[in-house]
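Me: I have a protein model open in front of me and would like to learn how to read it step by step. Could we go through it together, starting with one residue and moving outwards?

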Amino acid sequence: MNTLARSGAAALAAALTLTLAACGGTSGTATSTFAAASTTSAGGSATSPPSPMMSGSPMMSGSAMMAPAASAEHNAADLAFAQQMIVHHQGAVEMSELAPNRAANQQVKDLAARIKAAQAPEIEQMIGWLTLWGAAMSTTSAATTDDGMGDMDHGGMSGMGNEGEPSSGASSGMAMPGMMSDTQMQQLTDATGADFDRLFLQLMIMHHQGAIEMADTEIAQGSNPAALALAESIKTSQTAEITEMQQLLATR
């Protein structure tokens, strides 16, 4: 009886051991599987590429979209703005290039340098638009010469009357406000010192006022985002420069 009891106890102990081992193995397996899954999940999160919504490219694209890019879409107002403002800007650059060797006032020299530095790149920008749009450089063949600077009326496109006052251009339909006459350009070229400073400021104020009028027309009638943005920029910057020039004139 004792032998039978001992045998039964041994069998029960063996069965319990197997059961516990099985349970322990299952628990270990489950734990290992869970840990592996957790590691894979964590690793996947750390090493997998970011989703398109989180990547840098869309964010960069969004930032780029804030600055209007050149677009082939345009209307007649955009075309006229670019064609005429190129010639108008060329006039300002030509005037500004006279200042280093003729102006007496350093502030006038600095202003002329800023005007050239701002408007020369804008000329290139607008030339790029015309190329994109498949358009001519100007509305008439007489508006620009072989050197691209234009006759300025000096281009057959002067916005100045015979007495040096801005003309409306209504009669020709092609005159631009603020443009100098040949006579005025020659007077500026011949002037030096304080006389140059005064004449430069007077003529550039009128020139800027003409550019602002042209910009206003584009803002009201244009459709191309880049052209509209440039028109707004011209209006803002040249309005500030007019104030600066008027202050300089007041001290002369």
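Me: Let us begin with Ala175: is Ala175 buried or exposed?

Reply: This is a predicted model, and every value we discuss is computed from it. Ala175 has a relative accessible area of 17%, and because buried means under 20%, Ala175 counts as buried. Ala175 lies in the loop between α5 and α6, and although Ala175 and Gln84 are 91 residues apart in sequence, their C-alpha atoms are 9.0 Å apart in space.

Me: What does the chain look like as a whole, and how many helices and strands does the chain have?

Reply: The chain has eight helices and zero strands, which gives the pattern α-α-α-α-α-α-α-α when read along the sequence. Of the 252 residues in the chain, 34% are buried. If you take the contacts between residues at least 6 apart in sequence, 72% of them join residues at least 24 apart.

Me: How should I read a set of buried residues, and which residues have the most contacts inside the largest nonpolar core?

Reply: The general idea is that in soluble globular proteins nonpolar side chains tend to be buried together. Here the largest nonpolar core has 25 residues, and those with the most contacts inside it are Met95, Leu188, Phe196 and Phe200. The elements that give two or more residues to this core are α3 (76-96), α5 (106-133), α6 (182-190), α7 and α8 (225-250), and the largest share, nine residues, comes from α7. There is also a second, separate core of 21 residues, which includes Val93, Ala226, Ala231 and Ile234.

Me: With which residues is Phe200 in contact, leaving aside its neighbours within four places in sequence?

Reply: Phe200 is in contact with Met95, Ser96, Val108, Leu111, Ala112 and Leu188.

Me: How do I describe two helices that pack together, and at what angle do α6 and α7 pack?

Reply: Two packed helices are described by the angle between their axes and the distance between the axes. For α6 and α7 the angle is about 145 degrees and the axes are 9 Å apart, and the crossing of α6 with α7 is left-handed. Gln184, Gln187 and Leu188 in α6 meet Phe196, Leu199, Phe200 and Leu203 in α7, and by class the residues of this contact are five nonpolar, two polar and no charged.

Me: What are the values for α5 and α7?

Reply: α5 and α7 pack at an angle of about 35 degrees, with their axes 11 Å apart, and their crossing is left-handed. On the side of α5 the contact is made by Val108, Leu111, Ala112, Ile115 and Gln119, while α7 brings Asp197, Phe200, Leu201, Met204 and His208. This contact has seven nonpolar, two polar and one charged residues.

Me: How can I tell that a helix has a buried face, and which residues are buried in α6?

Reply: An α-helix has 3.6 residues a turn, so residues three or four places apart point the same way. In α6, Gln184, Met185 and Leu188 are buried. Seen down the axis of α6, the buried residues fall within an arc of 100 degrees, so they line one face of the helix. Thr183 and Asp190, on the other side of α6, are exposed. Among what covers the buried residues of α6 are α3, α4 (99-102) and α7.

Me: Let us finish with single residues in helices: where is His207 found?

Reply: His207 is found in helix α7 (residues 193-221), and with a relative accessible area of 2% His207 is buried. Leaving aside its neighbours within four places in sequence, His207 is in contact with His88, Gly91, Ala92, Met95, Gly178 and Met179.

Me: How do Trp133 and Asp110 read, taking Trp133 to start with: is Trp133 buried or exposed?

Reply: Trp133, found in helix α5, has a relative accessibility of 10% and counts as buried. Beyond its neighbours within four places in sequence, Trp133 is in contact with residues including Ser71, Ala72, His74 and Asn224. Trp133 and Ser71 are 62 residues apart in sequence and 8.5 Å apart in space, C-alpha to C-alpha. Asp110 is found in helix α5 and, at 37% relative accessibility, counts as partly exposed.

Conventions: Residues are numbered from 1 along each chain as its sequence is written. This is a predicted model: local features need pLDDT of at least 70, side-chain atom pairs count only at pLDDT 80 or more; totals for chains, interfaces and linings use all residues. Side-chain values use heavy atoms; hydrogens and water are left out. Helices (H or I, at least four residues) and strands (E, at least two) are DSSP runs, numbered from the N terminus. Buried means under 20% relative accessible area, exposed over 50%, partly exposed in between (1.4 Å probe, protein chains only). Contact means heavy atoms within 4.5 Å. A nonpolar core is a set of buried Ala, Val, Leu, Ile, Met, Phe, Trp, Tyr and Cys residues joined through side-chain atoms within 4.5 Å. Axes are lines fitted to C-alpha atoms, for helices over the stretch in contact, and angles run from 0 to 180 degrees between N-to-C directions. A crossing is left-handed if the near helix is turned anticlockwise from the far one by less than a right angle, and right-handed if clockwise. Ala, Val, Leu, Ile, Met, Phe, Trp, Tyr, Cys and Pro count as nonpolar, Asp, Glu, Lys and Arg as charged, and the others, Gly among them, as polar. The arc is that of the directions from the helix axis to the C-beta atoms.
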